[in-house]
Each structure stands twice: as C-alpha cells, then as structure tokens.
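Subject: The structure, and what turned up in it

Hi there,

Here is the structure I promised to pass on. Have a look at it first, and then read on for what I found.

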Amino acid sequence: MSLRTVFIENLKFYRKNAGLSQQQLSEKCEIATNYLSEIERGQKFPSIELIERISTVLNLPAYLFFLNGQTAAKTEYLEKKRNNDFCKKLESTISEILKDYGLKD
C-alpha cells in the first residue's frame, strides 16, 4: 500500500472518529471543502503545513496519519486520548460541584 493511500485512509478514519464532516474539518483548517474532498479521494496531496494544521485540529500527532496497518497503535492512542478527555471532564464536573457546595474557591 502506498504512503498516499495510508495517509488518505488514516485521514478519513481520524476525521470520522472526531465526529467531523469534510465541511467541518475544512472550515477548522481554513481550506475549501472541495480541496479536502480531493485529498480524501487521492486526487491531491496536502502540504506538510496542512498536515500539521489537520493534526492540530484533530488533536493528534501528525505521524499517526502515516502508520500502515498498525491499528493497535492507533487504537491505543485514541483510547488514551478518550481517557484523558474523560478525566478532564470529570475533574471539571467535580470542581463545579465542590464550588456549588462552597467546598472550593
């Protein structure tokens, strides 16, 4: 499988995993939706700067777009990210409850 194909498959995977449409991701990356669509169809390939922007928007290290067939590494990363996001939300909720009861400044 070519590196371009690996990138395309991973881009689609991570975009969908983030719950974003092509339009939403393209807006966040400040590119045309048509351009993102062309990238995902293999008609265009993004610059390094755009890959960095996409990885920033998706909150992923850029190297994950180039891992071929290493679903364990992808899954492990996403699981850690989900756990981290869950912990942050839980801490925020606990903090709000403590404030409501005057137990925290």
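Let me start with one residue, serine 55, which is buried, with a relative accessible area of 7%. Please keep in mind throughout that this is a predicted model. Serine 55 lies in helix 4. Which residues does serine 55 touch, once its neighbours within four places in sequence are left aside? The contacts are Leu60, Pro61, Ala62 and Phe65.

**Helix 4**

Serine 55 has company: Leu50, Ile51 and Ile54 are buried in helix 4 as well. Looking down the axis of helix 4, you will find its buried residues within an arc of 140 degrees, so they line one face of the helix. There is a general reason to expect such patterns: an α-helix has 3.6 residues a turn, so residues three or four places apart point the same way. On the face of helix 4 turned away from the buried side sit the exposed residues Glu49 and Thr56. What covers the buried residues here? The cover includes helix 1, helix 2 and helix 3.

Helix 4 is followed by asparagine 59, with a positive phi near 60 degrees. That is a positive value in a residue other than glycine, so this one may catch your eye in a backbone plot. Asparagine 59 is found in the loop between helix 4 and helix 5 (71–100), and it is partly exposed, with a relative accessible area of 46%.

**Helix 2**

Helix 2 covers residues 22–29. Its buried residues are Leu25, Ser26 and Cys29. Seen down the axis of helix 2, they fall within an arc of 100 degrees, so these residues line one face of the helix. The face turned away from that buried side carries Glu27 and Lys28, which are exposed. Helix 1, helix 3 and helix 4 are what the buried residues of helix 2 pack against.

Just after helix 2 comes glutamate 30, with a positive phi of about 60 degrees. Glutamate 30, too, is a residue other than glycine with a positive value. Is glutamate 30 buried or exposed? Glutamate 30 is exposed, with a relative accessible area of 69%, and it lies in the loop between helix 2 and helix 3.

**Helix 3**

In helix 3 (residues 33–40), the buried residues are Leu36, Ser37, Ile39 and Glu40. They cover an arc of only 160 degrees around the axis, which puts them on the same side of helix 3. These buried residues pack against helix 1 (3–17), helix 2 and helix 4. After helix 3 comes glycine 42, and its phi is positive, near 80 degrees.

**How the helices pack**

Now for the pairs. Two packed helices are described by the angle between their axes and the distance between the axes.

At what angle do helix 2 and helix 3 pack? The angle is about 115 degrees, and the axes are 8 Å apart. That makes helix 2 roughly perpendicular to helix 3. Their crossing is right-handed. On the helix 2 side, the residues that meet helix 3 are Gln22, Gln23, Leu25 and Ser26; on the helix 3 side, they are Thr33, Leu36, Ser37 and Glu40. By class, this contact has two nonpolar, five polar and one charged.

Helix 2 also packs with helix 4 (residues 48–57), at an angle of about 110 degrees and with the axes 9 Å apart. Helix 2 and helix 4 are therefore roughly perpendicular to each other, and the crossing of this pair is right-handed. Here Leu25, Lys28 and Cys29 in helix 2 meet Leu50, Arg53, Ile54 and Val57 in helix 4. The residues of this contact divide into five nonpolar, no polar and two charged.

One residue to look at in both contacts is Leu25: it is among the helix 2 residues that meet helix 3, and it is also among those that meet helix 4. Leu25 is one of the buried residues of helix 2.

**To recap**

Serine 55 is buried in the predicted model and lies in helix 4. Helix 2 is roughly perpendicular to helix 3 and to helix 4. Glutamate 30 and asparagine 59 each have a positive phi near 60 degrees.

Enjoy looking through it!

Best wishes

How values were computed. Residues are numbered from 1 along each chain as its sequence is written. This is a predicted model: local features need pLDDT of at least 70, side-chain atom pairs count only at pLDDT 80 or more; totals for chains, interfaces and linings use all residues. Side-chain values use heavy atoms; hydrogens and water are left out. Axes are lines fitted to C-alpha atoms, for helices over the stretch in contact, and angles run from 0 to 180 degrees between N-to-C directions. Helices (H or I, at least four residues) and strands (E, at least two) are DSSP runs, numbered from the N terminus. Angles under 35 degrees count as roughly parallel, over 145 as roughly antiparallel, 65 to 115 as roughly perpendicular and the rest as oblique. A crossing is left-handed if the near helix is turned anticlockwise from the far one by less than a right angle, and right-handed if clockwise. Contact means heavy atoms within 4.5 Å. Ala, Val, Leu, Ile, Met, Phe, Trp, Tyr, Cys and Pro count as nonpolar, Asp, Glu, Lys and Arg as charged, and the others, Gly among them, as polar. Buried means under 20% relative accessible area, exposed over 50%, partly exposed in between (1.4 Å probe, protein chains only). The arc is that of the directions from the helix axis to the C-beta atoms.
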